[in-house]
Amino acid sequence: MKHKIRVALAGIGNCSSSLIQGVKYYNAAHAGNRGINYPVIGGYAVQDIDFVAAFDIDRRKVGRDLSEAIFAEPNNVRKIAEPHKSGVKVEMSQPLDGISPVAGDKIQLSDSKPVETASILKSSQADLLVNLVPTGASRASEMYAQAAWQAGCGFINATPAMVASKPNWQARYKKKGLPLAGDDVMDQIGSTILHKNLLSMLNERGMHLDETYQLDIGGGTESQIALDKKRYEIKRSIKTAAVAATIPYQFPIVAGSSDFVDFMENRRTSYFWIRGEYFAGTEFTIDLRLSLEDGPACAGALVDVIRMTKVAYERKSPDLLPSICAYGFNAPSKKVAVDALRKDIESLASPRMRNRSGDNSTKRKN
């Protein structure tokens with residue numbers, strides 16, 4: 001049997017739903033590879049991702065088969081596939097950060113007893129735990145990082161909580177030889193990646209940038225949670241820093257969510273405005289609007305990051321992790337030059353043997 005990448009998910013929201021549905025979608029013979037940046041990474045196709053464990057706190061998801069839980073409220077992502085029953089039950093996690101009062105009407109706390117996360121990860125033989133808890137759930141993110149470390153599996157932090165960028169977590173994972181990637185996943189297509197690349201292009205073409213903003217309006221739970229001022233500031237600071245890092249000088253930048261519109265459901269609209277100068281001090285302005293669905297945009301990035309992280313681990317190449325983080329996240333711990341980043345990502349995507357023995361399995365480090 002072909003080896004799979006065994007993935008555990010923390011937080012069964014719209015992104016998890018799109019990720020699971022997407023893997024099922026690309027399993028279909030008619031699907032092809034349209035919409036995938038790297039059809040194969042180190043010998044792994046998207047179809048080689050297998051979901052083996054799941055955690056949440058909402059009573060409408062806890063205790064249900066993962067294939068059913070991804071469609072439970074408050075999830076509202078568009079259905080793109082119908083996964084078969086997985087046999088994976090969504091387990092109750094520790095609600096360490098509580099529920100934001102802003103989103104209290106969307107999340108219904110389960111009264112089930114929380115499980116020992118590390119034990120579930122060990123018994124499921126998960127290779128990687130992907131953290132997709134809501135913005136602001138910093139204590140939960142740290143708990144999942146601890147559980148993954150204890151269980152001997154890698155950790156991918158897709159949330160804005162600062163985990164993978166912290167030296168203490170890096171040192172702990174490095175000591176065990178486990179992969180750690182994050183923080184805050186950068187969507188395959190989204191406001192941050194578009195804003196960064198647009199500003200970079202203008203800078204490379206000799207423009208001087210004076211002011212810019214990026215404002216997002218959406219209908220998903222993440223957009224609603226952004227109304228919580230404390231949690232909003234976490235996300236806004238990361239997005240602003242990610243955009244600012246593309247330009248070698250300082251100028252006024254605002255980037256982040258601005259409002260929640262319930263009937264937009266999983267859709268998001270982003271507005272961009274840029275003012276600057278070009279030849280002979282001539283002023284220009286740019287007004288743009290981007291509309292998309294949040295879940296698939298997140299999943300499109302994660303299918304690459306999951307496979308890259310697994311390949312880096314199998315090849316015993318922890319030096320490639322900074323490039324994976326720079327490729328897939330808004331807040332990587334280290335800036336990587338464009339040429340070096342491209343070279344590292346292409347090396348990960350090459351169809352090299354997974355290990356010298358030809359055995360596709362990996363040893364678990366505890």
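1. Two strands are said to pair if DSSP finds at least two bridges between them. With that in mind, this predicted model offers a clear case, since strand S9 (residues 208–218) is joined to strand S11 (residues 267–278) by 10 bridges, and the two strands run antiparallel. One position that can be looked up in the structure is Leu215, which stands opposite Tyr271 in S11. As general background, the strands of a sheet pair through backbone hydrogen bonds, and they do so either parallel or antiparallel.

2. The S9 and S11 pair belongs to an open sheet of four strands, whose order is S10-S9-S11-S12 and whose pairing is mixed. At its edges are strand S10 (253–260) and strand S12 (282–293), each of which pairs on one side only. From one strand to the next, the twist averages 15°.

3. Two helices should be viewed together with this four-stranded sheet. Helix H8 (residues 229–244) lies across S9 and S10, and its direction is at about 145° to S10. Helix H9 (residues 294–314), in turn, lies across S11 and S12, running at about 95° to S12.

4. The other sheet to examine is an open one of six strands, in the order S5-S4-S1-S6-S7-S8, and its pairing is parallel. Strand S5 (90–92) and strand S8 (180–182) stand at the edges with a single partner strand each, so one side of each is left without a neighbour in the sheet. On average, neighbouring strands of this sheet are turned by 20° against each other, direction ignored. Helix H4 (residues 138–151) packs on the sheet and touches S1, S4, S6 and S7, while its direction makes about 160° with that of S7.

5. Which strands does S1 pair with, and how many bridges are there in each case? S1 pairs in the parallel sense with strand S4 (residues 49–56) over six bridges, and also in the parallel sense with strand S6 (residues 128–131) over four bridges. Ala10 shows both pairings at a single residue, for its bridge partner in S4 is Phe55, and its bridge partner in S6 is Asn131. Five of the six residues of strand S1 (residues 5–10) are buried, so S1 is largely enclosed by the rest of the structure.

6. Further along the six-stranded sheet, strand S7 (residues 154–157) is joined to S8 by three bridges, and these two strands run parallel. Within this pairing, Asn157 has Gly182 of S8 as its bridge partner.

7. Turning to charged side chains, a search of the whole structure finds 19 salt bridges. One of them joins Arg275 to Asp210, with the closest N and O atoms 3.5 Å apart. Because Arg275 lies in strand S11 and Asp210 in strand S9, the pair ties together parts that are 65 residues apart in sequence. Arg275 counts as partly exposed, at 21% relative accessibility, whereas Asp210 counts as buried, at 17%.

8. A second example is the salt bridge in which the side chains of Lys239 and Asp216 meet, at 3.5 Å from N to O. This pair, too, links distant parts of the chain, with Lys239 in helix H8 and Asp216 in strand S9, 23 residues apart. Are these two partners buried or exposed? Lys239 counts as buried, at 6% relative accessibility, and Asp216 counts as buried as well, at 2%. Elsewhere, salt bridges that share partners join Asp210, Glu211, Arg275 and Glu283 into one network.

9. A further salt bridge is formed by Glu68 and Arg64, whose closest N and O atoms are 3.9 Å apart. Glu68 is partly exposed, with a relative accessible area of 29%, and Arg64 is also partly exposed, with a relative accessible area of 34%.

10. Finally, the largest pocket holds about 1,100 Å³ of space. It is lined by 34 residues, of which Met186, Lys196, Ala326, Val338 and Leu341 are the closest to its centre. Which helix gives the most to this lining? That helix is H6, with six residues. At least two residues of the lining are supplied by each of helix H6 (191–204), H8, H9, helix H10 (321–328) and helix H11 (338–349). A reader can thus meet H8 and H9 again here, after seeing H8 lie across S9 and S10 and H9 lie across S11 and S12.

Definitions and conventions: Residues numbered from 1 in each chain as written. Predicted model: local features only at pLDDT ≥ 70, side-chain atom pairs only at ≥ 80, totals over all residues. Heavy atoms only, no water. Axes fitted to C-alpha atoms, helices over the stretch in contact; angles between N-to-C directions. Contact = heavy atoms within 4.5 Å. Salt bridge = Lys/Arg side-chain N within 4 Å of Asp/Glu carboxyl O. Buried < 20%, exposed > 50% of the residue type's maximum accessible area, 1.4 Å probe, protein only. 1 Å grid on protein atoms, 1.4 Å probe; cavity = no way out; pocket = protein on both sides within 12 Å on 5 of 7 lines; lining within 4 Å. Points joined across faces, edges and corners; volume = space filled by probe spheres on them.
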